[in-house]
Amino acid sequence: MALCAKKRPPEEERRARANDREYNEKFQYASNCIKTSKYNILTFLPVNLFEQFQEVANTYFLFLLILQLIPQISSLSWFTTIVPLVLVLTITAVKDATDDYFRHKSDNQVNNRQSQVLINGILQQEQWMNVCVGDIIKLENNQFVAADLLLLSSSEPHGLCYIETAELDGETNMKVRQAIPVTSELGDISKLAKFDGEVICEPPNNKLDKFSGTLYWKENKFPLSNQNMLLRGCVLRNTEWCFGLVIFAGPDTKLMQNSGRTKFKRTSIDRLMNTLVLWIFGFLVCMGVILAIGNAIWEHEVGMRFQVYLPWDEAVDSAFFSGFLSFWSYIIILNTVVPISLYVRYVPSLTWGLSRESGGPIELFFSMKMKSLRSNLKSSSSCTCKHLMLLNICLWTLYLLTIKSY
């Protein structure tokens, strides 16, 4: 997988020469290996914890845990905070690890698909991950396109072929692509093996409906457009076979350029809850300040008279310092104004195999099949919301019973 993450200098234009790997390798183009996973064994723990502590509530309870480890200000056992915090972090980490495991599995499955590549005049079976820019690939009916290809020839008259682009734009109707006339006659392996045309085109980008380039061959140049391209993710339909020249591979393909990097997803509900927690924490600080000031005043005006019976701790030498320690003690005592069940409600979505976003509001949703998908989305969202509301009631009941037992 090292090839997947190899950094390369930015491109101004793409040059690809057919049947000449040595020439193409000097440009350090990406291999056809893809990587959509976020973690590996070494990075999972630190990266996942970093992502989880971007939730304000998790950071808040970690802060409380640190305070509870200080004996001068702690009035509650650290066990009451660390158990629910570790439970939430663990369940979320297991969910994230499971999701990433399936990403790794999917990547391996795609990278190890077989494709027919023309090497040294012979069609050979190669894994998708070993396909390089400039290779000529043979596709057969109902096969997925391994990379972004320039269509050279096909079994249909005039170099036509039919593709399905459901994975790119959601449309299942057939689309027509056509090879340029000068290459449409290259149907024989012997002719393709001698083909040494060079394509100069735009650098990798995410525009699915645009392509501009030029084919230089036999001291002539021929313009190229999107109608001559087969993009990765398409499926060849109603065409016995076709040949294509690899222009973009792996992360440079338009499909992968549109997918972007896998990121830590944050819904509007997450952002709202983070804001609420900050407001609640501000309210908690205000209460702590008021109570600490009251404690300092009482110690200065009244408590000083009872030093014989109620002496200060050894570390406390003034009423001000006593109020300062009391402030943190009140923060710990009143910490339940931010219940951790606010965030626990998202974790059990694993039970139904639902994503974190399934219960949240959707602001924008674009699709070519808007009407049918909208109805499916409504039924799914209503079911999910009912489950989450019922679960939240159970969690709050359990939480209140736990607090009452202390």
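**View 1. Helix 3 crosses helix 9 at roughly 125°.** In this predicted model, helix 3 covers residues 56-68 and helix 9 covers residues 319-333. Their axes come within 10 Å. The crossing angle is roughly 125°. That makes helix 3 oblique to helix 9. The crossing is left-handed.

**View 2. Side by side: the residues where helix 3 meets helix 9.** Helix 3 contributes Phe63, Leu64, Leu67 and Gln68. Helix 9 contributes Trp328, Ile331 and Ile332. By class, this contact holds 6 nonpolar residues and 1 polar residue. No charged residues take part.

**View 3. Helix 8 crosses helix 9 at roughly 145°.** Helix 8 spans residues 268-301. Its axis and that of helix 9 come within 8 Å. Here the crossing is right-handed, whereas helix 3 crosses helix 9 in the left-handed sense.

**View 4. The contact residues of helix 8 and helix 9.** From helix 8 come Leu284, Val285, Gly288, Val289, Leu291, Ala292, Asn295, Ala296, Glu299 and His300. From helix 9 come Ala319, Ser322, Gly323, Ser326, Phe327, Tyr330 and Ile331. The classes split into 10 nonpolar, 6 polar and 1 charged. Ile331 of helix 9 meets helix 8 and also belongs to the contact with helix 3.

**View 5. Segments that UniProt annotates as "transmembrane region".** The unreviewed UniProt entry places this feature at residues 76-94, 276-298 and 318-344. Over residues 76-94 the chain is 84% helix and 0% strand. The end C-alpha atoms of that segment are 29 Å apart. Residues 276-298 are 100% helix and 0% strand. Their end C-alpha atoms lie 33 Å apart.

**View 6. An open sheet of 6 strands.** The strand order is 3-2-4-13-5-11. Pairing is antiparallel. Strand 3 (122-127) and strand 11 (229-230) are the edge strands. Each of these edge strands pairs on one side only.

**View 7. Strand 5 beside edge strand 11.** Strand 5 covers residues 148-154. Strand 5 and strand 11 pair in the antiparallel sense, over 2 bridges. Leu149 has Leu230 of strand 11 as its bridge partner. In general, strands of a sheet pair through backbone hydrogen bonds.

Definitions and conventions:
Residues are numbered from 1 along each chain as its sequence is written. This is a predicted model: local features need pLDDT of at least 70, side-chain atom pairs count only at pLDDT 80 or more; totals for chains, interfaces and linings use all residues. Side-chain values use heavy atoms; hydrogens and water are left out. Axes are lines fitted to C-alpha atoms, for helices over the stretch in contact, and angles run from 0 to 180 degrees between N-to-C directions. Helices (H or I, at least four residues) and strands (E, at least two) are DSSP runs, numbered from the N terminus. Angles under 35 degrees count as roughly parallel, over 145 as roughly antiparallel, 65 to 115 as roughly perpendicular and the rest as oblique. A crossing is left-handed if the near helix is turned anticlockwise from the far one by less than a right angle, and right-handed if clockwise. Contact means heavy atoms within 4.5 Å. Ala, Val, Leu, Ile, Met, Phe, Trp, Tyr, Cys and Pro count as nonpolar, Asp, Glu, Lys and Arg as charged, and the others, Gly among them, as polar. UniProt positions are given in the numbering used here, feature names are shortened, and annotations may be inferred rather than shown by experiment. Two strands pair if DSSP finds at least two bridges between them.
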